[in-house]
Amino acid sequence: MLQKAFGFLFVFVFAPVCCGLLWSESMGREKYRAGNIYLAGFLTQFGIFQIIAVPVMIWDIYGMQRLVNLTTGALTALCVGGIGMTVWRLRREKWAAVFVKRPAAALSFECKLFWILALSAIVFQMYMSYAYAPFDGDDSYYVVQSVLADQTGVLNRIRPYTGLSTDLDIRHALATLPLWEAYVARMTGIHATIVAHSLLPLVLIPLTYLCYYKIGRKLLDASDIKLPVFMTLVSVMQIWGNISIYTNATFFLMRTWQGKSILANLILLVQIWLLLEIFDSSDETGNGSKRGYWGLLIVNNIAAAMMTSMGAFLAAMFLGIAGLVGAIQRRRLSILLKAALCCVPNVVYLLLLVAMG
C-alpha cells in the first residue's frame with residue numbers, strides 16, 4: 001500500500017510539479033499558475049522518459065530495471081533543480097512578486113451554473129472510464145507489451161500475441177508509451193493492465209480538459225460566460241461523440257491509455273495552446289515569457305514521438321505550418337527559424353526510425 005501511495009505521488013504529483021517549476025521563470029511572471037506548472041512538468045516527464053527509454057531499449061534487452069533506475073534518477077535530479085531554483089528565487093524576490101495574485105472577478109449565476117455543469121461532466125467521464133473500463137482490440141498488443149516489460153524485464157523482444165521471442169519491432173518500439181506504463185506499474189506496484197485501464201484515465205482526462213481550459217482562456221474572456229459554456233460544450237461533444245470507432249471522442253474516453261489517443265487529445269492540444277501563447281501580441285512581458293513556450297514546444301515534440309511514430313511527423317508538420325504562417329503574418333523570419341529548431345528532435349527520431357527500419 002505504501003509503495004502504491006508513494007509511487008503514485010512521485011509519478012503524478014511530485015515529479016510533474018517540481019519539474020514544472022523549472023519552466024516557471026521562463027514563462028513569465030504572470031504565468032505562475034499551478035496548471036501551467038503541472039502541465040509543463042508532465043510533458044517534461046514524458047520527454048525525459050523518451051530520451052532515456054529509446055537507447056536503453058535498443059542496447060539492453062533486459063533493461064527494464066535499468067530504465068526504471070535511470071528515469072527515476074533523472075526525474076529526481078530535475079525535481080531537486082526545480083525546488084532549488086524556486087527557493088533561490090523566493091530568497092531574491094517576495095512571494096507576491098513571484099506568484100502574481102489577481103483579484104477574482106465576480107461570476108454571474110449563469111456563469112457559475114455552466115462551470116458546475118462542465119465540472120460535473122468531467123467528473124462523470126472520469127467515473128465512467130474508471131468504473132466501466134472498456135476493452136479494445138489493441139490492448140492485446142500495447143497493454144501486453146507493458147505487462148511483459150513489467151513482469152519479465154524484457155523490452156519489446158517478446159511477441160505479445162504468442163509469447164515467443166522476436167526481434168525489436170522498430171515501427172512500434174520507438175513509441176515508448178507502453179514502457180512508460182510499465183514504469184508506472186513498477187513504481188506503484190499496480191498491475192500494468194490496471195494502470196492502463198483504470199489509473200491513467202483518472203489523470204489524462206482532467207489533464208486534457210486543462211488544455212481545453214488553457215486554450216479557452218486565450219480565445220475567450222475568463223470572467224465571461226463564454227469560457228464555461230465552451231468547456232461544457234466540449235464535454236458534451238466528448239460524451240456523445242461515439243458515433244464511430246474512429247472519432248476523437250471514442251479514442252479519448254474508450255482508448256485513453258493508447259498513444260494515438262494521447263497524441264490527438266493531449267499532445268496536439270498542448271501544441272495549440274503553446275502556439276497561442278507565443279503568438280499572443282497582447283502578452284509581451286519580455287523574452288522570458290516566450291522562451292519558455294518555445295522550449296516546451298521542443299519537449300512536446302519529443303513527447304509526440306513517444307506516443308506514436310506518426311506523432312513525430314504530425315507534430316513537426318503542424319508546427320512547421322504554424323511557424324510559416326506566423327512568420328508571414330508577423331514578417332519575422334526568426335519565428336520560422338525557431339519553429340524549425342523545435343522540429344530537430346522530430347527529424348532525429350524519424351531518421352532513426354528509417355535507419356533502423
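This is a short walk through a few helices, a surface patch and some salt bridges in the structure above. One thing up front: what you're looking at is a predicted model.

Okay, let's start with helix α9, residues 192-219. It has 28 residues, and from first C-alpha to last it reaches 38 Å, close to the 40 Å you'd expect at 1.5 Å a residue. It does bend, though: by about 50° at L200, with a proline, P201, following within four residues. And is α9 largely enclosed or not? Well, 20 of its 28 residues are buried, so the rest of the structure largely encloses it.

Now hop over to helix α15, residues 333-342. Which of its residues are buried? Those are I335, A339 and C342. If you look down the axis of α15, the buried residues fall within an arc of 60°, so they line one face of the helix. Turn to the face pointing away from that buried side, and you find three leucines that are exposed: L333, L337 and L341.

While we're on the outside, there's a nonpolar surface patch of about 540 Å². The residues making it are M310, F313, L314, M317, I321 and V325. Take L314 from that group: it sits in helix α14, residues 309-330, and it's partly exposed, at 30% relative accessible area.

Right, on to salt bridges. The count here comes to 6, and I'll pick out a few of them.

My starting point is D138 with R255, where the closest N and O atoms are 2.4 Å apart. That pair links distant parts of the chain, 117 residues apart: D138 is in the loop between α5 and α6, and R255 is in the loop between α11 and α12. R255 is buried, at 11% relative accessible area, while D138 counts as partly exposed at 26%.

D138 also meets K260 in a salt bridge, 3.4 Å from N to O. K260 lies in helix α12 and D138 in that loop between α5 and α6, so this pair ties together parts 122 residues apart in sequence. Put these together and you get a network of salt bridges linking D138, R255 and K260.

Last one, and it takes us back to α9. D280 forms a salt bridge with K218, at 2.6 Å between the closest N and O atoms. K218 is in helix α9 and D280 is in the loop between α12 and α13, so the pair ties together parts that are 62 residues apart in sequence. Of these two, D280 counts as buried at 17% relative accessibility, and K218 as partly exposed at 25%.

Conventions: Residues are numbered from 1 along each chain as its sequence is written. This is a predicted model: local features need pLDDT of at least 70, side-chain atom pairs count only at pLDDT 80 or more; totals for chains, interfaces and linings use all residues. Side-chain values use heavy atoms; hydrogens and water are left out. Helices (H or I, at least four residues) and strands (E, at least two) are DSSP runs, numbered from the N terminus. The expected span of a helix is 1.5 Å times one less than its number of residues. The bend at a residue is the angle between axes fitted to the seven residues ending there and the seven starting there. Buried means under 20% relative accessible area, exposed over 50%, partly exposed in between (1.4 Å probe, protein chains only). The arc is that of the directions from the helix axis to the C-beta atoms. Patches are made of residues with over 30% relative accessible area and no salt bridge: like charges are joined within 9 Å, nonpolar side chains (Val, Leu, Ile, Met, Phe, Trp, Tyr) within 5 Å. Accessible areas come from the Shrake-Rupley method with a 1.4 Å probe; for residues, only the protein chains shown count as cover. A salt bridge is a side-chain nitrogen of Lys or Arg within 4 Å of a carboxyl oxygen of Asp or Glu.
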